[in-house]
Amino acid sequence: MNIGVLALQGAFIEHEKTLRSLGANAVEVRLPAQLDDLDALIIPGGESTTIGKLAVAYRLLEPLYRFAISKPVWGTCAGMIMLAKDIGRDQPLIGVMDIQVNRNAFGRQVDSFETDLTVPELGSDPFRAVFIRAPLVTGVSAGVQVLARLPEGGIVAVRQRHWLATAFHPELTPDDRFHRYFLEMVGG
Amino acid sequence: MADNLNPNGSNNGAQKGTETLKRGLAQMLKGGVIMDVVTPEHARIAEDAGAVAVMALERVPADIRAQGGVARMSDPSLIESIMNTVTIPVMAKCRIGHFVEAQILEAIGIDYIDESEVLTPADDQYHIDKHDFKVPFVCGCRNLGEALRRIGEGAAMIRTKGEAGTGDVVEAVRHARTVLGDIRRLSTLRPDEWMTFAKEIGAPYELIKETAELGRLPVVNFAAGGVATPADAALMMQLGVDGVFVGSGIFKSGDPAKRAKAIVEAVTHYNDSQILAEVSRELGEAMVGIHVEPDQVVLGKRGW
């Protein structure tokens, strides 16, 4: 399987390592032509303003949208923001998922946190989730499946059709169940 | 220090200020450019150009060099006005060893503290015990021993020092080559040679072991100190750093907005010479720059 990782900026190498450890071929994507021959794409964590501006400057936004219409895409943190249709501010987005997302929803870096999440789709063991200046899903439309919530109720992982979005960073922890889950989405 | 939100084990073991969180923010900045700014207007230009973070300062290093005197932490009001202007992370500098300046920066909610040789050192022997803080720290280094001593003290990100405020990339290149060369040398050693290597370079053994096993520093490593052009930035990336700090190089140049955007694009496309040629065109005047001979290095030598 050829899995692209958007490599404009951010923690793309961490995703590539996990993908390779699971036997997938990870391909860095910086220009539109590099989307050819990919089975799926991951949009990593990073600064969503930077990723959006670079996507516009190198005419990637429209190709990314067309790619997402037909192929599986997973966004983590900044990637979740890129996939959302509504983030309540003017910023370049791919905008395919029917979710509302709040950037920096928990505050500044000193408010970043890690916590155990219950994710029924991944089995009964808790998933240690790392939230860094993280976004939060504040609204979902019908057809969006909520995969995980914080103990306080905030939505932090969602799936809609062949799109997956997580507000936290599974690429920063050794637990590879989210990557396996995404590869199953791609394979199935 | 890691802060258990609820020590009795409920609240799903939620924690703040852990190493994973401190190092993780730096991981999110990789492949990006962190820009020195002295006003909210500069900060907006930097964010619009695609900076991943800004460093809030009262004076850029070129002015610190020119004006002399004691350089200290910036006024918290200035830093807060910049924090209120942009959505990207905001960093600020404290003096080497000045843990009270660091406490103040943490109190105003800064995202990253740079314990920086660009300011006048407050302590000529000791750096800050950075484990004591929830906010992450970045520190400068010239070689692997210095990098691992800072990580040992709790730094969650490293930058090679270069020579700030010069617009001359030679020291940045020297320091990046030294750190990365030291790591390459370490990775050729047998495990029974690690302890003597640790002794030789003055680094904690556990971090030597971790670096040898990873084949890289255990934290993110940016270049800094003298980067003035897109080509300089791409040079540092091709040498093997994870991203670039640009201090005086942007706002001491003729067209800061255009140069800032060009450097951001050069860091993303650092291996694509066609794009590098494109973004290097018509940027206006670069900062004038001061060439530094090794015996003229002032700031880079600070740090112990």
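This report walks through a predicted model with two chains, A and B, from their shared contact to some details inside chain A and on the surface of chain B.

## Where the two chains meet

Let us start at the contact between the chains. Together, chain A and chain B bury about 3300 Å², and 53% of that area is on carbon and sulfur atoms. Chain A brings 40 residues to the contact, and chain B brings 44 residues. Within the share of chain A, three residues stand out: Arg108(A), Gln109(A) and Val110(A) supply 19% of the area that chain A buries against chain B, more than any other three residues.

Charged side chains take part as well, with four salt bridges counted between chain A and chain B. One salt bridge joins Lys16(B) to Asp111(A), with 3.7 Å from N to O.

## A cluster of rings in chain A

Now look for the aromatic rings. The structure holds 11 aromatic pairs over all chains. One of them is Phe113(A) with Phe131(A): the ring centres are 4.6 Å apart and the planes are at 10 degrees, so this pair is stacked. The two partners come from distant parts of the chain, as Phe113(A) sits in strand β7 (residues 113-117) and Phe131(A) in strand β8 (residues 127-131), 18 residues apart.

A second pair is formed by Phe127(A) and Phe168(A), with 5.9 Å from centre to centre and 45 degrees between the planes, which makes it tilted. Phe127(A) also belongs to strand β8 of chain A, whereas Phe168(A) lies in the loop between β12 (163-166) and α5 (177-187), so this pair ties together parts that are 41 residues apart in sequence.

Are these four rings buried or exposed? The table gives the relative accessible area of each, and every one of the four counts as buried.

| Residue | Relative accessible area | Class |
|---|---|---|
| Phe113(A) | 9% | buried |
| Phe131(A) | 0% | buried |
| Phe127(A) | 1% | buried |
| Phe168(A) | 0% | buried |

The four rings also belong to one aromatic cluster, whose other members are Trp74(A), Phe106(A), Phe178(A) and Phe182(A).

## Helix α2 of chain A and the turn after it

Next, find helix α2 of chain A, which spans residues 48-57. This helix is mostly covered, with seven of its 10 residues buried. The buried ones are Ser48(A), Thr49(A), Thr50(A), Ile51(A), Gly52(A), Leu54(A) and Ala55(A). What do they pack against? Their partners in chain A are β1 (2-6), α3 and α4 (78-83), and chain B adds α12 (256-268). The covering of α2(A) therefore involves both chains.

Just after α2(A) comes Arg59(A), with a positive phi of about 50 degrees, although Arg59(A) is not a glycine. Arg59(A) belongs to the loop between α2 (48-57) and α3 (61-70) of chain A. With a relative accessible area of 71%, Arg59(A) is exposed.

Asp37(A) offers another example of a positive phi in a residue other than glycine, with a value near 70 degrees. Asp37(A) is also found in a loop, the one between β2 (25-29) and β3 (40-43) of chain A. At 66% relative accessibility, Asp37(A) counts as exposed.

## A buried alanine in a strand

Ala148(A) is part of strand β10 (residues 145-149) of chain A. With a relative accessible area of 2%, Ala148(A) is buried. Which residues is Ala148(A) in contact with, leaving aside its neighbours within four places in sequence? They are Leu117(A), Thr118(A), Val119(A), Gly154(A), Ile155(A), Val156(A) and Ala157(A). Leu117(A) shows how folding brings separate parts of a chain together: Leu117(A) and Ala148(A) are 31 residues apart in sequence, but their C-alpha atoms are 6.8 Å apart in space.

## A nonpolar patch on chain B

Finally, turn to the surface of chain B. Phe99(B), Val100(B) and Ile104(B) form a nonpolar patch there, with about 250 Å² of accessible area together. Phe99(B) is found in helix α5 (residues 99-107) of chain B. At 48% relative accessibility, Phe99(B) counts as partly exposed, because the class called exposed begins over 50%.

Note on methods. Residues numbered from 1 in each chain as written. Chains lettered and ligands numbered in written order. Predicted model: local features only at pLDDT ≥ 70, side-chain atom pairs only at ≥ 80, totals over all residues. Heavy atoms only, no water. Patch = residues over 30% accessible without salt bridge, like charges linked within 9 Å, V, L, I, M, F, W, Y side chains within 5 Å. Areas by Shrake-Rupley, 256 points an atom, 1.4 Å probe, with all protein chains shown as cover. Helix = DSSP H or I, 4+ residues; strand = E, 2+ residues; numbered from the N terminus. Buried < 20%, exposed > 50% of the residue type's maximum accessible area, 1.4 Å probe, protein only. Phe/Tyr/Trp six-rings, centres within 6.5 Å; stacked < 30°, edge-to-face > 60°. Contact = heavy atoms within 4.5 Å. Buried area = accessible area lost by both parts, 1.4 Å probe.
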